[in-house]
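User: Got a minute to walk through this one with me? I'd like to poke at a few side chains, then zoom out.

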Amino acid sequence: MAHLVTSAVAKYHDVLDNKSDPRVQAWPMMGSPLPTLGICLFYAYFSRVLGPRLMENRKPFSLKGLLIVYNLFQTLFSGWIFYEYLMSGWWGSYSFRCQPVDYSDSPMALRMARTCWWYYISKFTEFFDTLFFILRKKNSHVSTLHVIHHGCMPFSVWMGMKFAPGGHSTFFALLNTFVHIVMYFYYMVSAMGPEFQRFLWWKRYLTSFQMLQFVAIFAHQFQLLFTECDYPKSFMIWIAVHGLLFLFLFSDFYKVNYSKGAKRPNQGACMPVEGGAAQEARSAGGSLKSNYIQSEFSDSYKACYSNGSTRGFVSQTWEKKAE
């Protein structure tokens, strides 16, 4: 038993020291996976246990102004990362067919590695999506799927950052940041109140855009199965499977929310927003009742998924208060 433990520890250090990219070794959070893993585990514990417990006997916070600022920040942050990915290679010098990782110390290669690091950091800033749900006592939105996705993404991106900060699979991050520009802009406008809802007529097309993103991701990754390319196949398969899975989930969401005869979906999309149906019901002397729309996947994920994976399967109906 002691030999197995010693062998596993030796293998662990061999992989970290000899298989990883030495350029990023001294960068913040890159020396060891333990800080990232610890933060992810605490996030999961806070989201499912500690946060709801702390808010149990407290009134929900009103965060309209904070949500507007937060979503504006996320929009601009995503926009900057998207620009850096373009300037680091995807605007001309990178090949869409096969792009190995450049492990050199050239300015362009280091710029790409730094961009990957900032994309990794953005996975932590998205934790605030969950925090705002909890502070507003929207605990039904903090589903198991929501927590698993947000909790796993930083560690998943850490692996790519540690061993392959650049190359073929950064196409996934390029598309994802672009989608987040549009998505967080949508959430920002939603947070401004019901008087701005008329500007969000394109919500349906946002879902289609997100689905198109996942088609492009898995198609771009899976092409390496038929092309010789000096890029780690494990990262390619991991990201392609992610794209395929989320396309599957989004397709079901689209069917439930936009097919003929479907019940009206949650007006707040997925971020906790001010105004919308809830405010209209209160002003009319009524109350808002939430019901889960049943589909073949309802038992697997209920409620919400804030950065665009399912965005919720909650319908809302207005119940008029008795006179």
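User: What does the side chain of Asp-102 make a polar contact with?
Analyst: With the side chain of Ser-104, at 2.7 Å. Keep in mind that this is a predicted model.

User: Ok. Where does Asp-102 lie, and is it buried or partly exposed?
Analyst: Asp-102 is in the loop between H3 and H4. Its relative accessibility is 37%, so it counts as partly exposed.

User: What else does Asp-102 touch, not counting residues up to four places away in sequence?
Analyst: Arg-23 and Ala-109. There's also a long-range pairing in terms of backbone: the C-alpha atoms of Asp-102 and Gly-166 are 6.8 Å apart, with the two positions 64 residues apart in sequence terms.

User: Switching to cysteines. How many disulfides are there?
Analyst: The count is 1 disulfide. Cys-98 is joined to Cys-229, with an S to S distance of 1.9 Å.

User: Which hand does the disulfide of Cys-98 and Cys-229 have?
Analyst: The torsion about the S-S bond is about 90°, so the disulfide is right-handed.

User: And which parts does the pair tie together?
Analyst: Cys-98 sits in the loop between helix H3 (64–90) and helix H4 (107–125), while Cys-229 sits in the loop between H8 and helix H9 (233–258), so the link ties together parts 131 residues apart in sequence. Both Cys-98 and Cys-229 are buried.

User: What about Cys-40, which cysteine sulfur is nearest?
Analyst: That of Cys-152, 7.4 Å away, and Cys-40 is in no disulfide. The cut-off for a disulfide is sulfur atoms within 2.5 Å, so that pair doesn't qualify. Cys-152 is in no disulfide either.

User: Are those two buried or partly exposed?
Analyst: One of each. Cys-40 has a relative accessible area of 7%, so it is buried. Cys-152 comes in at 45% relative accessibility and counts as partly exposed.

User: Next up, Ser-78. Where is Ser-78 found?
Analyst: In helix H3. Ser-78 is buried, with a relative accessible area of 7%, and its side chain reaches the backbone oxygen of Gln-74 at 2.8 Å.

User: Which residues is Ser-78 in contact with, leaving aside neighbours within four places in sequence?
Analyst: Thr-177, His-180 and Ile-181. For Ile-181, the C-alpha to C-alpha separation from Ser-78 is 5.6 Å, although the two are 103 residues apart along the chain.

User: His-180 caught my eye. Which side chain does the side chain of His-180 make a polar contact with?
Analyst: Glu-126, at 3.2 Å. Glu-126 is in the loop between H4 and helix H5 (127–135), and at 3% relative accessibility it counts as buried.

User: Let's do helix packing. At what angle do H7 and H8 pack?
Analyst: About 175°, with the axes 10 Å apart; H7 covers residues 170–191 and H8 covers 203–222. That makes H7 roughly antiparallel to H8.

User: Which residues meet there?
Analyst: On the H7 side they include Phe-171, Phe-172, Leu-175, Val-179 and Tyr-186, and on the H8 side they include Lys-203, Leu-206, Phe-209, Gln-213 and His-220. The contact of H7 with H8 divides into 12 nonpolar, 4 polar and 1 charged residues.

User: Backbone sanity check: which residues have a positive phi although they are not glycine?
Analyst: Met-29, at about 75°, and Lys-137, at about 60°, are among them. Most residues other than glycine have a negative phi.

User: Where are Met-29 and Lys-137?
Analyst: In loops. Met-29 lies between helix H1 (2–19) and helix H2 (34–55), and Lys-137 between H5 and helix H6 (144–163). Met-29 is partly exposed at 26% relative accessibility, and Lys-137 is partly exposed at 31%.

User: Last one, zooming out. What is the secondary structure of the chain?
Analyst: The chain has 10 helices and 2 strands, and along the sequence the pattern reads α-α-α-α-α-α-α-α-α-α-β-β. Of its 323 residues, 50% count as buried.

User: And what percentage of the contacts join residues at least 24 apart?
Analyst: 82%, among contacts between residues at least 6 apart in sequence.

Technical notes
Residues are numbered from 1 along each chain as its sequence is written. This is a predicted model: local features need pLDDT of at least 70, side-chain atom pairs count only at pLDDT 80 or more; totals for chains, interfaces and linings use all residues. Side-chain values use heavy atoms; hydrogens and water are left out. Axes are lines fitted to C-alpha atoms, for helices over the stretch in contact, and angles run from 0 to 180 degrees between N-to-C directions. Helices (H or I, at least four residues) and strands (E, at least two) are DSSP runs, numbered from the N terminus. Angles under 35 degrees count as roughly parallel, over 145 as roughly antiparallel, 65 to 115 as roughly perpendicular and the rest as oblique. Contact means heavy atoms within 4.5 Å. Ala, Val, Leu, Ile, Met, Phe, Trp, Tyr, Cys and Pro count as nonpolar, Asp, Glu, Lys and Arg as charged, and the others, Gly among them, as polar. Buried means under 20% relative accessible area, exposed over 50%, partly exposed in between (1.4 Å probe, protein chains only). A polar contact is a pair of N or O atoms within 3.5 Å; within protein, one must be able to donate a hydrogen and the other to accept it, and residues adjacent in sequence count only if both atoms are side-chain atoms.
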